[in-house]
Amino acid sequence: MTHIEFSTPSTLPATNGYSHVAAIAPGSRLVWTSGQVPITTEGTPAAAGDWEAQTRLVMRNVEAALKAGGATWNDVFKLTIFVVDTSALSVVRAVRDEFINLERPPTSSLVQVAGLFRPDILIEIEAVAAVPAT
């Protein structure tokens with residue numbers, strides 16, 4: 001077994017870009033990110049109302065957080081995505097798919113929320129990764 005084993009058992013519904021189960025090898029180091037939002041390091045938000053720009057910046061921020069924890073997208077086994085509405089889900093998935101390993105997609109949850117901490121923020125994403133034992 002590699003450090004993360006992904007599966008989608010035939011006893012569960014088919015998936016669209018995620019796995020149902022991720023099993024982590026003993027001794028792996030876990031890395032959690034806080035929820036990342038579409039704001040640059042300078043404090044500039046991505047364009048209001050632009051799902052693609054906001055999702056791309058969030059994914060880059062998640063990537064930076066993972067790197068700071070010693071992980072990469074290949075180590076991610078769980079994504080939680082918070083959106084203010086689901087109308088742009090296809091855009092969110094398309095951008096997400098540029099970052100994740102499509103051969104071994106992480107387990108995922110999508111949660112529609114009434115709002116995030118600012119009205120111009122459409123999306124927030126957090127990740128959990130497992131880094132191979134050394």
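**Exercise 1. Find which residue of β2 stands opposite E5, and work out how β1 and β2 are joined.**

*Solution.* Start with the pair itself: in this predicted model, E5 stands opposite A23 of β2. Next, widen the view to the two strands. β1 covers residues 4–7 and β2 covers residues 21–24. They run antiparallel and are joined by four bridges. Finally, look at where the side chains of β1 go. I4 and F6 point to one face and are buried, while E5 and S7 point to the other face and are not buried. The side chains of β1 therefore alternate along the strand.

**Exercise 2. Write down the strand order of the four-stranded open sheet and identify its edge strands.**

*Solution.* Begin by tracing the order, which is β3-β6-β4-β5. The pairing in this sheet is mixed. Now take the edges: β3 (29–32) and β5 (107–112) each pair on one side only. From one strand to the next, the twist averages 10 degrees.

Then zoom in on β4 and β6. These two strands pair in the antiparallel sense, over seven bridges. One residue to display here is L79, whose bridge partner in β6 is A127. As a last step, add the helix: α1 packs on the sheet and touches β4 and β6. The direction of α1 makes about 30 degrees with that of β6.

**Exercise 3. Describe the largest nonpolar core: how many residues does it have, and which elements give two or more residues to it?**

*Solution.* First, the count: this core has 23 residues. Second, its best-connected members: L66, W73, I123 and I125 have the most contacts inside it. Third, the elements that give two or more residues, namely α1 (51–68), β4 (76–83), α2 (89–99) and β6 (123–131).

W73 is a good residue to select on screen. Leaving out residues up to four places away in sequence, W73 touches M59, V62, E63, L66, L79, F99 and I100. Before moving on, note that there is a second, separate core of six residues, including V37, I39, F82 and I121.

**Exercise 4. Characterise the packing of α1 against α2, giving angle, distance and handedness.**

*Solution.* Take the geometry in order. The two helices pack at an angle of about 30 degrees, and their axes are 9 Å apart. The crossing of α1 and α2 is right-handed. Now list who meets whom. From α1 come W51, E52, T55, R56, M59, R60 and E63. On the α2 side they meet V91, V92, V95, R96, E98 and F99.

**Exercise 5. Work out which residues are linked with R56 in a network of salt bridges, and why the pair R56 and E98 ties together distant parts of the sequence.**

*Solution.* Start from the total: the structure holds four salt bridges. Step one is the bridge between E52 and R56, with the closest N and O atoms 2.8 Å apart. These residues are four apart in helix α1, so about one helical turn separates them. E52 is partly exposed at 42% relative accessible area, whereas R56, at 16%, counts as buried because the cut-off for buried is under 20%.

Step two is the bridge between R56 and E98, at 2.3 Å from N to O. R56 lies in helix α1 and E98 in helix α2, so this pair ties together parts that are 42 residues apart in sequence. Step three puts the pieces together: E52, R56 and E98 are linked in a network of salt bridges.

For another salt bridge, look at D97 and R96, whose side chains meet at 2.8 Å from N to O. D97 is partly exposed, with a relative accessible area of 27%, while R96 is buried at 6%.

**Exercise 6. Decide whether N61 is buried or exposed, and find its contacts beyond four places in sequence.**

*Solution.* First, place the residue: N61 is in helix α1. Second, read its relative accessibility, which is 14%, so N61 counts as buried. Third, collect its contacts: leaving aside neighbours within four places in sequence, they are Q36, V37 and I39. V37 and I39 are also among the residues of the second core.

**Exercise 7. Locate G115 and determine how far it is from V83 in sequence and in space.**

*Solution.* G115 sits in the loop between β5 and β6. This glycine is partly exposed, with a relative accessible area of 40%. Now compare the two separations: G115 and V83 are 32 residues apart in sequence, and 7.9 Å apart in space from C-alpha to C-alpha.

Conventions
Residues numbered from 1 in each chain as written. Predicted model: local features only at pLDDT ≥ 70, side-chain atom pairs only at ≥ 80, totals over all residues. Heavy atoms only, no water. Core = buried A, V, L, I, M, F, W, Y, C linked by side-chain atoms within 4.5 Å. Buried < 20%, exposed > 50% of the residue type's maximum accessible area, 1.4 Å probe, protein only. Contact = heavy atoms within 4.5 Å. Pairing = 2+ DSSP bridges. Axes fitted to C-alpha atoms, helices over the stretch in contact; angles between N-to-C directions. Left-handed = near helix turned anticlockwise from the far one by under 90°.
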